[in-house]
There are 2 protein chains.
Amino acid sequence: MLDRQDRQLLEWLQGDAGLSVGDLAEKVGMSKSACWRRIQKLEESGVIRQRVTLLDPEKLNLPLTVYISIRTNQHNDQWSEQFREVLADIPEILEVHRMSGDLDYLIKAVVTDMPGYDRLYRQIIRANLSDVSASFVMETMKHTTALPLTHLPTV
Amino acid sequence: MLDRQDRQLLEWLQGDAGLSVGDLAEKVGMSKSACWRRIQKLEESGVIRQRVTLLDPEKLNLPLTVYISIRTNQHNDQWSEQFREVLADIPEILEVHRMSGDLDYLIKAVVTDMPGYDRLYRQIIRANLSDVSASFVMETMKHTTALPLTHLPTV
DNA sequence: GTCTTATTTGAAATTATATTTCGATAGTGG
DNA sequence: CCACTATCGAAATATAATTTCAAATAAGAC
């Protein structure tokens with residue numbers, strides 16, 4: 001069970017993984033050692049998954065984000081597993097979700113430009129897909145990795 | 001311009017923001033101080049955006065991810081700006097993109113369950129939207145924040 | 001080529017931070 | 001009230017970040 005202080009720590013850490021234990025301790029009002037142990041526990045328990053560095057896609061020559069919707073007529077496990085492995089190895093592909101509803105998979109990818117998208121497209125359709133359609137991101141109006149902590153059971 | 005060593009540093013840091021300068025220095029084969037300065041420059045130049053902590057949605061009672069597609073008949077700047085502000089303040093909403101093609105906006109959100117989605121839906125449709133449809137994530141097959149460094153101009 | 005200048009480097013010193021230790025405190029069940 | 005357990009804070013120790021400075025390297029200018 002996560003108490004108020006754990007939540008506060010998580011709130012701060014979601015925004016900045018580089019904060020020192022000392023800073024955090026001050027922010028949530030406890031000693032450094034208590035704070036440090038809290039963080040350890042949050043890591044051990046898996047609430048904290050990992051600490052990552054986010055880069056600027058534009059600066060990496062990846063200004064175009066695309067969502068690719070896929071329908072397939074292949075629905076067996078073996079095909080699905082192979083599809084997963086292919087996509088896992090393509091670094092431009094950031095997310096792959098199996099979806100409810102009329103589309104089967106939704107993919108998020110980053111590319112340099114339209115020719116870049118076309119190269120990606122050609123890789124993907126090697127699998128047996130009945131329908132592939134792309135929507136391009138014109139403008140990202142919000143983008144955060146911070147999850148709300150408001151749905152936890154009350155202490 | 002990012003040379004081989006910068007790229008290697010970024011590669012490692014994307015995977016783990018918690019690596020020490022010493023470890024990184026060893027991995028890419030340079031001294032600690034050189035390594036430290038490289039990282040500073042990458043931060044100053046904005047290639048490194050931020051370091052964040054990723055949490056486990058399930059452990060936060062947010063097992064359901066949903067993509068919400070929106071069409072609207074409102075296309076003026078003022079409406080758009082207001083829409084943005086409303087969405088920015090809803091913590092369950094992680095991403096909002098203005099899209100090309102037949103849908104206007106694509107939203108990614110996390111919720112506890114279907115009633116949770118319904119509450120979110122009701123908040124969103126307060127805006128003047130002509131069409132809102134949801135697709136739920138059954139299974140996330142890939143999810144990374146690491147961008148490919150393979151599209152940078154060669155040194 | 002070689003001189004000059006501006007960058008970048010590595011080792012060592014310094015400063016700051018993470019981690020451990022240990023005794024004190026507070027809550028729990030019997 | 002006592003024994004037990006979990007948590008705490010302050011201080012000690014171990015690691016790591018940051019700065020300093022002299023040497024090495026790269027980039028032009030001629």
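How do the residues of the lining of the second largest pocket divide into nonpolar, polar and charged? They divide into 12 nonpolar, 6 polar and 6 charged. The legends below refer to a predicted model.

**View 1. The second largest pocket and its lining.**
The second largest pocket holds about 520 Å³ of space. It is lined by 24 residues, and those closest to its centre are A:Ser69, A:Asp102, A:Leu103, B:Ser69 and B:Leu103. Two strands of chain A, E2 (64-72) and E5 (129-143), each give two or more residues to this lining, as do strands E2 (64-72) and E5 (129-143) of chain B. The largest share, 5 residues, comes from E5(A).

**View 2. The largest pocket and the residues closest to its centre.**
About 1,300 Å³ of space lies in the largest pocket. Its lining consists of 50 residues, with A:Glu95, A:His143, A:Thr145, B:Glu95 and B:His143 the closest to the centre. By class, this lining has 23 nonpolar, 16 polar and 11 charged residues.

**View 3. The protein surface near DNA strand C.**
DNA strand C is surrounded by 14 residues, of which A:Val21, A:Trp36, B:Ser31, B:Arg38 and B:Lys41 are the closest. The surface near this strand is made up of 4 nonpolar, 6 polar and 4 charged residues. Three helices supply at least two residues each: H2 (21-28) and H3 (32-44) of chain A, and H3 (32-44) of chain B. H3(B) provides the largest share, 5 residues. Of the atoms of DNA strand C within 4 Å of the protein, sugar or phosphate accounts for 61%, and the rest belong to bases.

**View 4. Phosphate contacts of DNA strand C.**
In chain A, a polar backbone atom of A:Val21 is 2.8 Å from a phosphate oxygen of DNA strand C. In chain B, the contacts shown are made by side chains. A polar side-chain atom of B:Ser31 is placed 2.7 Å from a phosphate oxygen of the strand. For B:Arg38, a polar side-chain atom likewise lies 2.7 Å from a phosphate oxygen of DNA strand C.

**View 5. The protein surface near DNA strand D.**
Around DNA strand D there are 13 residues, and the closest are A:Ser31, A:Ser33, A:Arg38, A:Lys41 and B:Trp36. Of the atoms of DNA strand D that come within 4 Å of the protein, 59% are sugar and phosphate atoms. H3 of chain A, helix H2 (21-28) of chain B and H3 of chain B each supply at least two residues of the surface near this strand. H3(A) gives the most, with 5 residues. The surface near DNA strand D comprises 4 nonpolar, 5 polar and 4 charged residues.

**View 6. Base and phosphate contacts of DNA strand D.**
Two side chains of chain A are shown with base nitrogens. An N or O atom in the side chain of A:Ser33 is 2.9 Å from a base nitrogen of DNA strand D. A polar side-chain atom of A:Arg37 is 3.2 Å from a base nitrogen of the strand. From chain B, a polar backbone atom of B:Val21 lies 2.9 Å from a phosphate oxygen of DNA strand D.

**View 7. B:Gln14 and its surroundings.**
B:Gln14 belongs to helix H1 (residues 4-15) of chain B. Its relative accessible area is 2%, so B:Gln14 counts as buried. A polar atom of the B:Gln14 side chain lies 2.5 Å from the backbone nitrogen of B:Leu147. Leaving out residues up to four places away in sequence, B:Gln14 touches A:Val52, A:Thr53 and A:Leu55 in chain A, and B:Thr145, B:Ala146, B:Leu147 and B:Leu149 in chain B.

**View 8. B:Glu11 in helix H1 of chain B.**
B:Glu11 is partly exposed, with a relative accessibility of 46%. From B:Glu11 to B:Ser133, the C-alpha to C-alpha separation is 37 Å, and the two residues are 122 residues apart in sequence.

**View 9. A:Asn61 and B:Asn61, each with a positive phi.**
Most residues other than glycine have a negative phi. Phi of A:Asn61 is near 65°, and phi of B:Asn61 is also near 65°. A:Asn61 sits in the loop between strand E1 (48-55) and E2 of chain A, and B:Asn61 in the loop between strand E1 (48-55) and E2 of chain B. A:Asn61 is partly exposed at 30% relative accessibility; B:Asn61, at 29%, is partly exposed as well.

Terms used: Residues numbered from 1 in each chain as written. Chains lettered and ligands numbered in written order. Predicted model: local features only at pLDDT ≥ 70, side-chain atom pairs only at ≥ 80, totals over all residues. Heavy atoms only, no water. Near = heavy atom within 4 Å. Polar contact = N/O pair within 3.5 Å; in protein donor to acceptor, adjacent residues only side chain to side chain. Helix = DSSP H or I, 4+ residues; strand = E, 2+ residues; numbered from the N terminus. Nonpolar A, V, L, I, M, F, W, Y, C, P; charged D, E, K, R; others polar. Buried < 20%, exposed > 50% of the residue type's maximum accessible area, 1.4 Å probe, protein only. Contact = heavy atoms within 4.5 Å. 1 Å grid on protein atoms, 1.4 Å probe; cavity = no way out; pocket = protein on both sides within 12 Å on 5 of 7 lines; lining within 4 Å. Points joined across faces, edges and corners; volume = space filled by probe spheres on them.
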